[in-house]
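Subject: Handing over a structure, with notes

Dear colleague,

I am passing on the structure below, together with a description of what turned up when I went through it. Please have it open beside the text as you read.

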Amino acid sequence: NLLYEAQNNLKIFKNGELIYGCKDNEDSLSDLNELACHLKPFFFPSNGLVSGPHCTRTILKELIHVITTILLSNTDTCKAGDLKTVPSSQGRSYCEASAFSKELGRNAKNKIETSGLPRGCLLYKTLQAQMLDTLDIEGVYPLYNRVEQYLEEFPKERNVLQIDGPYNESFYEKLLDRSSEDDGTIAYALTKVQQYRVAMTAKDCSIMIVLSPCQQDECSEQRPVVLTSKSRFTFSVSVLDLDLKPYESIRHQYKLDGKIVNYYQKRTQAKDDSVMSNLLKENEDCTLVLHKM
């Protein structure tokens, strides 16, 4: 799914040059074959170790193994040599492409949450942020209006409520309140609005992974290393586009959502009217007239 799901917007660069990206008008199989040719020297440095019709699939499997291993590694304690190669013969607990095996799942250091992700990994942390929005835009908008009305009466409170920041530790601690019952307070409304902003930001962020091939004697102890079947890479991970969604964008999002719903309803209604019109025409052509004898 990582390579075929359009919403992932996966892009792969080699030495700063784009070698794989979303190309709607081109043959996807051809793209993958070309990508495999670019990656083969990195994953299989000794030429001839992999060839034939399974070459592309084998190389892509190695690539996905590296990506999932990195994304599932603990971002707080990851050090050089911490990441181990998981043989493909081992059973998978969750995603087939994941390097997170049953053996790792039984390890206390990698305790699995209900999401199937180990605590401390980047995907787990991202998911926690994405799940903060317990309300959709239709549920958040009335609470946004409550906050807006309060700010109209007390404009100086905008800084106290941290509408525009600073987005520090105390700001994020307030977001841990997952209360679902509206008590009518500004505090409840503001928490839900801020949770929605953070969740939308997390859903729209980008993850950049930088890989650099290295020999065993070249790997620095200061940089984490991920192993494949025939090679090893030092890596770094960055999360981009983390500027919090603007507070005022909630009004725009609500209007946009309304336009989308209205457009869908009009299209659906037009389609239903067209079907009904055709049925009426057919009925007119088949009218049976009875005369009293």
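In which sense do β4 and strand β5 pair, and over how many bridges? The two strands pair in the antiparallel sense, over 3 bridges, with β5 covering residues 232-240. Before going further, please keep in mind that this is a predicted model, and that what follows describes that model.

**The chain as a whole**

The protein chain has 293 residues, of which 31% are buried. Its secondary structure comes to 9 helices and 5 strands, and, read from the N terminus, the elements follow the order β-β-α-α-α-α-α-α-α-α-β-β-β-α. Among the contacts in the chain with a separation of 6 or more, 59% are accounted for by residues 24 or more positions apart.

**The sheet and the helices beside it**

β4 and β5 belong to an open sheet of 3 strands, which is ordered β3-β5-β4 and has antiparallel pairing. The edge strands are β3, residues 206-213, and β4, residues 225-227, each of which pairs on one side only. From one strand to the next, the twist averages 40°. Helix α2, made of residues 55-71, packs on this sheet and touches β3, β4 and β5, while its direction makes about 115° with that of β3.

On one side of the sheet's order, β4 is joined to β5 by a hairpin that runs through 4 residues, and in this pairing Leu227 stands opposite Arg232 of β5. As for β3 and β5, these run antiparallel and are joined by 8 bridges, and here Ile209 has Val237 in β5 as its bridge partner. When you look at the side chains, it may help to recall that in a regular strand they alternate between the two faces of the sheet.

Helix α4, which spans residues 122-130, also deserves a look, since Leu122, Tyr124, Thr126 and Ala129 are buried in it. The buried residues of α4 pack against α2 and α8 as well as against the strands β3 and β5.

**The crossing of α5 and α8**

How do α5 and α8 lie relative to each other? The axes of helix α5 (residues 137-153) and helix α8 (residues 186-203) come within 9 Å and cross at roughly 125°, which means that α5 is oblique to α8. The crossing in which α5 passes α8 is left-handed. On the α5 side the contact is made by Ile137, Val140, Leu143, Tyr144, Arg146, Val147 and Tyr150, and on the α8 side by Ile186, Tyr188, Ala189, Leu190, Lys192, Val193 and Tyr196. Of the residues in this contact, 12 are nonpolar and 2 are charged, with no polar ones.

Leu190 also gives a way into the loop between α7 and α8, where Leu175 lies. Leu175 and Leu190 are 15 residues apart in sequence, and their C-alpha atoms are 9.6 Å apart in space. Leu175 counts as buried because its relative accessibility is 4%, under the 20% cut-off. Leaving aside residues up to four places away in sequence, Leu175 touches Leu132, Thr191, Gln194, Gln195 and Val198.

**Backbone details in the loops**

Two residues other than glycine have a positive phi that you may wish to inspect. In the loop between β1 (12-14) and β2 (17-20) you will find Asn15, whose phi is about 55° although it is not a glycine. In the loop between α6 and α7 you will find Gln162, whose phi is near 60°.

Is each of these residues buried or exposed? Asn15 counts as exposed because its relative accessibility is 78%, over the 50% cut-off, whereas Gln162, at 7%, counts as buried because that value is under 20%.

The loop that holds Gln162 lies between α6 and α7, and Pro166 is found there too, with α6 covering 157-160 and α7 covering 169-174. The peptide bond from Gly165 to Pro166 is cis, with omega near 0°.

With best regards

Note on methods:
Residues are numbered from 1 along each chain as its sequence is written. This is a predicted model: local features need pLDDT of at least 70, side-chain atom pairs count only at pLDDT 80 or more; totals for chains, interfaces and linings use all residues. Side-chain values use heavy atoms; hydrogens and water are left out. Two strands pair if DSSP finds at least two bridges between them. Axes are lines fitted to C-alpha atoms, for helices over the stretch in contact, and angles run from 0 to 180 degrees between N-to-C directions. Contact means heavy atoms within 4.5 Å. Angles under 35 degrees count as roughly parallel, over 145 as roughly antiparallel, 65 to 115 as roughly perpendicular and the rest as oblique. A crossing is left-handed if the near helix is turned anticlockwise from the far one by less than a right angle, and right-handed if clockwise. Ala, Val, Leu, Ile, Met, Phe, Trp, Tyr, Cys and Pro count as nonpolar, Asp, Glu, Lys and Arg as charged, and the others, Gly among them, as polar. Buried means under 20% relative accessible area, exposed over 50%, partly exposed in between (1.4 Å probe, protein chains only).
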